[in-house]
Amino acid sequence: GESGLAGSWSYELNHPTVVMFDQFDNMFILDTGNKRIQKWTPEATYGITIAELSSVNDPRGMSIDTYGNLVVVDYSNNQVPYWDPLNEVIRYKYPANHQVILLPINCPPTTATTALPTIERANQTCPFTQWNNIYSTIAGTPGSYGTSTLHLRNPQDVFVNDYDNVYVADTNNHRIIRFSPGKVLVFENKRVYYYVEGSKSGTNIAGIQLRAGKGKSELNTPTTVFVTGDQTLFILDAGNFRVQKWKSGEPLGFPVAGGHGVGNTLDKISHSYGLYVDDQHNVYVSDHRNHRVTLWMKNNTAVGQVVAGGNGMGNASNQLSYPWGVYVTENGTIYVADSNNHRIQKFTRSSTSGLTVAGISGVAGSLPSQLRNPTSILVDQYHTLFVLDRGNHRIMKWPLGSAFGYIVVPISSINSASSMRFDPTGNLIIADTNYHRIISLSIGCRCTYPTITLIPGPATLDAPFQVRRSQGFYISAYIERFCEVPLREDAKWTITNCTVGCSSSIPLHESIVNTSNELYVPARTLEYGIYEFKLTITMIEFPMLPKSEASYIKVTPSGITANLVPLGTTMITHGHQQNLTLNPGEYSVDPDTRKFDATVSLSRL
């Protein structure tokens, strides 16, 4: 109940007279003023009505008989009504002494349940990701708005959990509605949902009154929804300047940020559009009109702390201007779609200034290096940024450290996209706000890493392939590409002297001939030693994902051929008056050098 406040909502009571507990710590309350019996499970924030007592005049006492029936004393009528759970009706009995006796409850057998995962899923994409330009509508009716579960009205945000449930912040219907694409809810039993195929009908799960309100069961123009692994909803209830935490299956929420009206003090937030919840249920709010991002800790929801911006509107590194989307990585790095500064700002943990990682600060444009009023941002496992560039009607992919992005999806046919998410398979799910729908762009991992096979190979540093210095040799590369579309690529050969530690790269000699799949090293080009020959293939469109393969070759001495006479001479004839001259210094051959060194030591001969 609410202290000092009587009411009939599920979280309120009106003159309760009896409270009882069972062995599971479930609390049963005789809510006399509302003529009902409420059951509150441990740590619940609201009660469930298990018996309506509208035909009872003045219920005052309650107990449970041996069959599990709830027995209630009707004070004014001197009768004892009881709730028959088997037939779900109220029956009456008339005790002689007007007593109520507490008897143990007879409980049905319990059923096992499976716990839901609580770890947040990271955005997963394949290395060379592309999306189809042809989209499908998975929620809402294109171009038509309404209040039915088939319609939406200006949805601002969408969230997809690991079970492919699509949660929509149906902003102007003041609700959160859940869809299972292509399915319709048949019935719900103990939070297990049963669907049949063939419909895009949704289920209202928060703000079910379909009107703006500020009560715990009401919402006012919600702009963002975030769903954790245990199915808890966090809703940016923008019109009420608060974030509501809404546990799965409950009919009402409770504020975990703001809720004290609009303002710029740290206990308030403004009308905002960006929300992120980490795996500890700490809440980050992109406070749109206060030009800041605030963090509301799970154990302190009364006041937030500034973690980005908060120094007035501006384009300095410690300022923001009407920020929208916010994304937080596992290590606490915060990315902010700084909309009116046309940039994405990165704030590392505890930093007071941000770094522009996409766009040009204060400059709106449509060049690959520019953005125009970005509203949503995602980060995948490669630290690649995906930016919803709303003003340019496109989605940009921004590789880590790059000065410019690539258009992965042009969305000129989409009326007014506000936010986007990845689903578990990597499809892009977009809230098309002014067209009253949620659309899906299917992913196509049309390229993956190439495979490189070097010949000769395999050869390792411990077991290199051996060649003599007097021999020229080839290294050939067999490259297998896995792309459905042609992509430009850059091939680069590098040679590293690994005789001592593989520490020094050497420049390619002008006599070395190299192509994208072959390297030729002429004889006597490299000195004796062990060398690493590495080929690196880089897709120009995806420079952050190079692929390399190396082979190791040992250059060895060929050996000196000692000749006392000119090479090729088989017989020497001379007279007894002629001198016989044997000259190994002139006639010997060292194939590893272009000219024999006559000063070579005898040991080498």
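Two strands count as paired when DSSP finds at least two bridges between them. Keep that in mind as you move through this predicted model.

**Stop 1: confidence colouring**

Start by colouring the chain by pLDDT. The mean is 82, and 82% of the residues reach 70 or more. Now select residues 94–119, where the pLDDT is below 50; the model still gives this stretch 36 contacts beyond near neighbours in sequence. Residues 183–187 also have a pLDDT below 50, with 21 such contacts. Where pLDDT is low, the predicted coordinates should not be read in detail.

**Stop 2: a four-stranded sheet**

Select residues 376–379 and 406–410 next. These are strands S28 and S31, the edge strands of a sheet, and each pairs on one side only. The sheet is open and antiparallel, and its order is S28-S29-S30-S31. Look along it to see the twist, which averages 25 degrees from one strand to the next. Then zoom in on S30, residues 394–398, which four bridges join to S31. Which residue of S31 stands opposite Ile395? Pick Val409, and you have the pair.

**Stop 3: the nonpolar cores**

Show the side chain of Leu385. Leaving aside neighbours within four places in sequence, its contacts include Tyr335, Ile344, Val357, Met396 and Trp398. Leu385 is also among the residues with the most contacts inside the largest nonpolar core, which has 49 residues; Ile176, Val225, Leu233, Val243, Val283 and Ile344 share that distinction. Another core lies apart from this one, with 19 residues, among them Phe473, Ala477, Ile512 and Val521. In soluble globular proteins, nonpolar side chains tend to be buried together.

**Stop 4: the annotated repeats**

Highlight residues 139–182 and 319–350, which an unreviewed UniProt entry annotates as "repeat: NHL". Stay with 319–350 for a moment: this stretch is 0% helix and 41% strand, and its end C-alpha atoms are 15 Å apart.

**Stop 5: a five-stranded sheet**

Finish with the open sheet whose strands follow the order S35-S42-S41-S37-S38, with mixed pairing. Why do S35 (465–468) and S38 (504–506) each have one side without a neighbour in the sheet? Both stand at the edges with a single partner strand, so one side of each is left free of a neighbour there. Neighbouring strands are turned by 35 degrees against each other on average, direction ignored. Now select S37 (residues 489–497) and S41 (residues 529–539): they run antiparallel, joined by nine bridges. To view one bridge pair, pick Thr494 and its partner in S41, Lys534.

How values were computed
Residues numbered from 1 in each chain as written. Predicted model: local features only at pLDDT ≥ 70, side-chain atom pairs only at ≥ 80, totals over all residues. Heavy atoms only, no water. Helix = DSSP H or I, 4+ residues; strand = E, 2+ residues; numbered from the N terminus. Axes fitted to C-alpha atoms, helices over the stretch in contact; angles between N-to-C directions. Core = buried A, V, L, I, M, F, W, Y, C linked by side-chain atoms within 4.5 Å. Buried < 20%, exposed > 50% of the residue type's maximum accessible area, 1.4 Å probe, protein only. Contact = heavy atoms within 4.5 Å. UniProt positions renumbered as here; feature names shortened; annotations may be inferred. pLDDT = per-residue confidence, 0-100.
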